[in-house]
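Dear colleague,

I am passing on the structure below, together with some notes on what was found in it. Please read the notes with the structure open beside them.

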Amino acid sequence: MKLVIAYIRPERLNAVKQALYAKEVYSLSVTNVLGSGRQKGFTETYRGVEIEVNLLKKVRLEIGVNDDFLDPTIEAINSAAKTGNEGDGVIFVLELAKAMRIRTGEDGIL
């Protein structure tokens with residue numbers, strides 16, 4: 001079992017969800033986050049005052065998958081989130097030691 005964590009642009013969320021559903025990956029968690037990376041932010045003027053915006057809005061996806069679904073999940077996220085511009089995001093894959101359904105106590109549910 002693996003845990004896939006992806007940080008993507010907020011405007012690409014619907015495209016990524018559709019791509020995941022097409023690959024039969026339906027279970028995911030979505031969180032709005034702020035972060036900085038290679039994009040480094042930008043400077044804007046608000047009411048005559050120059051403001052440096054370092055933390056940019058991103059969406060964090062967390063998806064627990066069986067090993068069989070790992071490659072299709074990564075392909076779906078990569079193809080749907082990619083715009084070719086800096087700041088498209090990043091995908092992390094972690095080993096998942098255990099998963100348990102709370103309602104039934106079922107173990108290894110992914």
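Valine 4, in this predicted model, touches Leu61, Glu62, Ile63, Val65, Leu70, Thr73, Ile77, Ile91 and Phe92, if residues up to four places away in sequence are not counted. Valine 4 has its place in strand S1, and with a relative accessible area of 0% it is buried. One further distance may help you to find your bearings: the C-alpha atom of valine 4 is separated by 13 Å from that of aspartate 68, a residue 64 places away along the chain.

Valine 4 also belongs to the largest nonpolar core, which has 17 residues, and it is among those with the most contacts inside that core, together with Ile8, Val16, Leu20, Leu61, Ile63 and Ile77. Two or more residues are given to this core by each of strand S1 (2–8), H1, strand S5 (56–65) and H2, and the largest share, five residues, comes from H2. As a general background to this, nonpolar side chains in soluble globular proteins tend to be buried together.

Threonine 73 is one of the residues that valine 4 touches, and its place is in helix H2. Threonine 73 is buried, with a relative accessible area of 0%, and, leaving aside residues up to four places away in sequence, it touches Val4, Leu20, Val25, Ile63 and Val65. Leucine 20, for its part, touches Val25, Leu28, Ile63, Thr73, Ala76 and Ile77, again not counting residues up to four places away in sequence.

These contacts lead on to the two helices. H1 and H2 pack with their axes 8 Å apart and at an angle of about 150°; angles over 145 degrees count as roughly antiparallel, and the two helices are therefore roughly antiparallel to each other. The residues that make the contact are Ala15, Val16, Ala19 and Leu20 on the side of H1, and Thr73, Ala76, Ile77, Ala80 and Ala81 on the side of H2. The crossing of H1 and H2 is right-handed.

Alanine 19 is a useful residue to look at here. It is found in helix H1, where it is buried, with a relative accessible area of 17%, and it touches Ala76 and Ala80, residues up to four places away in sequence not being counted. Alanine 19 and serine 79 are 60 residues apart in sequence, yet their C-alpha atoms are 8.1 Å apart in space.

Which residue has a positive phi although it is not a glycine? The residue is glutamate 24, with a phi of about 65°, and it is found in the loop between H1 and S2. At 53% relative accessibility, glutamate 24 counts as exposed. For context, most residues other than glycine have a negative phi.

The salt bridges come last, and seven of them are counted. Lysine 23 forms one with glutamate 75, the closest N and O atoms being 3.7 Å apart. Lysine 23 lies in the loop between helix H1 (13–22) and strand S2 (29–35), whereas glutamate 75 lies in helix H2 (residues 67–81), so the pair ties together parts that are 52 residues apart in sequence. Lysine 23 is partly exposed, with a relative accessible area of 36%, and glutamate 75, at 45%, also counts as partly exposed.

Arginine 9 forms another salt bridge, with glutamate 11, where the closest N and O atoms are 3.8 Å apart. In this pair arginine 9 is buried, at a relative accessible area of 14%, while glutamate 11 is exposed, at 56%. Arg9 and Glu11 are linked with Asp88 in a network of salt bridges.

In a further salt bridge, the side chains of glutamate 106 and arginine 101 meet with a distance of 2.9 Å from N to O. Glutamate 106 counts as partly exposed, at 40% relative accessibility, and arginine 101, at 32%, counts as partly exposed as well.

With best wishes

Notes:
Residues numbered from 1 in each chain as written. Predicted model: local features only at pLDDT ≥ 70, side-chain atom pairs only at ≥ 80, totals over all residues. Heavy atoms only, no water. Salt bridge = Lys/Arg side-chain N within 4 Å of Asp/Glu carboxyl O. Buried < 20%, exposed > 50% of the residue type's maximum accessible area, 1.4 Å probe, protein only. Helix = DSSP H or I, 4+ residues; strand = E, 2+ residues; numbered from the N terminus. Core = buried A, V, L, I, M, F, W, Y, C linked by side-chain atoms within 4.5 Å. Contact = heavy atoms within 4.5 Å. Axes fitted to C-alpha atoms, helices over the stretch in contact; angles between N-to-C directions. Parallel < 35°, antiparallel > 145°, perpendicular 65-115°, else oblique. Left-handed = near helix turned anticlockwise from the far one by under 90°.
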